[in-house]
Amino acid sequence: MADIESKSPFSPYRADGKLYGFVCVVSGADQPVGEAIIYELAAHGAACIYDSTLTLIDDILNTWGRLDVWVCSSGLLGPPSITNTTPADLAKCFEANTYGPFFALKYAPPAMGKLCEKRNYPNAEVKDVRYGSIVVVGSVAGGYGGCWGPCYTMSSHAALGVVRSGVAVLKGSGVRINCISPGQIDIGVDLNNFDMRGMTDQLPPASMQSKESQHATIGLERAGLPTEVARVAGFLASGFSSYITGANLVVDGGAS
């Protein structure tokens, strides 16, 4: 590893895992987990973080000369029962939970393969190695049923499917793709302010499960926090995870 580090100043090989020079995109930044991820990447030294869509890739390259990290953190629960799920609800869920990862896999890697000299902006670094990291924030519902409604389970499985299939797609590109599957996360929403149709929130409120039940069913005996999901995203964005791709990191406090 020391030999690799000495050959390039590029951030994936930094011993401290910092993201100096990195240009990142985080979708779903208006949701608690996405917002926490933005703060986490900034704390790691990222040069720029966009809250945007694939349509701005050309603008990003023209402005910064590079793209390094794409985090898909938007999501939607959908209705809790199949009885109340309309075809439109199902389409919305799949659009929110799977289209982002699919199109990130399709369009981000060519941009991540662009190399550039050191530019004149804070935390700038040379990019002389093809590298990129796509991080998909999914759900433990991608591994089993019963977390919410069938719509959520189906689309969460599909999002994980994008990650699994992405390994072969990205071979030789220098780009990695991984999934984070949060379990019960306290997003700061109580039942009084929660849309039980599931058409506005990414995760169910932790208050749906009593403290006693959390204590009994979760290894760490509590719900997680958005910042704890964000730290895993920071790890997957950095060189600390340079030999990890196609993985599904479950962040559920030992509930599964």
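Colleague: Which residues lie nearest the centre of the largest pocket?
Modeller: In this predicted model, Val140, Cys147, Gly183, Gln184 and Pro204 lie nearest the centre of that pocket, which 21 residues line.

Colleague: How does the lining of the largest pocket divide by class?
Modeller: The lining has 14 nonpolar, six polar and one charged residues. The space in this pocket comes to about 380 Å³.

Colleague: And cavities of 30 Å³ or more: how many does the structure hold?
Modeller: The structure holds one, with a volume of about 120 Å³. Among the 16 residues lining this cavity, Ser74, Gly75, Asn97, Val137 and Gly138 are the closest to its centre.

Colleague: Which helices and strands each supply at least two residues of that lining?
Modeller: Helices α4 (87-112) and α5 (150-169) do, as does strand β4 (132-137). By class, the lining of the largest cavity has nine nonpolar and seven polar residues, and no charged ones.

Colleague: Turning to aromatics, how many pairs are there?
Modeller: The count is five aromatic pairs. One of them joins Phe102 and Phe103, with ring centres 5.2 Å apart and planes at 80 degrees.

Colleague: Why is that pair edge-to-face?
Modeller: The pair is edge-to-face because its planes stand at 80 degrees, and the cut-off for that class is over 60.

Colleague: What about Phe103 and Tyr107?
Modeller: Their ring centres are 6.1 Å apart and their planes at 15 degrees, so this pair is stacked. Phe103 and Tyr107 are four residues apart in helix α4, about one helical turn.

Colleague: Which residues form the aromatic cluster?
Modeller: Tyr99, Phe102, Phe103 and Tyr107 form one cluster. Phe102 is partly exposed at 43% relative accessibility, Phe103 is partly exposed at 30%, and Tyr107 is partly exposed at 41%.

Methods:
Residues are numbered from 1 along each chain as its sequence is written. This is a predicted model: local features need pLDDT of at least 70, side-chain atom pairs count only at pLDDT 80 or more; totals for chains, interfaces and linings use all residues. Side-chain values use heavy atoms; hydrogens and water are left out. On a 1 Å grid over the protein atoms alone, a cavity is a set of points where a 1.4 Å probe fits but cannot get out, and a pocket is an open set with protein on both sides within 12 Å along at least five of seven lines; lining residues have an atom within 4 Å of a point. Grid points are joined across faces, edges and corners, and a volume is the space filled by probe spheres set on the points. Ala, Val, Leu, Ile, Met, Phe, Trp, Tyr, Cys and Pro count as nonpolar, Asp, Glu, Lys and Arg as charged, and the others, Gly among them, as polar. Rings of Phe, Tyr and Trp (its six-membered ring) pair if their centres lie within 6.5 Å; planes under 30 degrees apart count as stacked, over 60 as edge-to-face and the rest as tilted. Buried means under 20% relative accessible area, exposed over 50%, partly exposed in between (1.4 Å probe, protein chains only).
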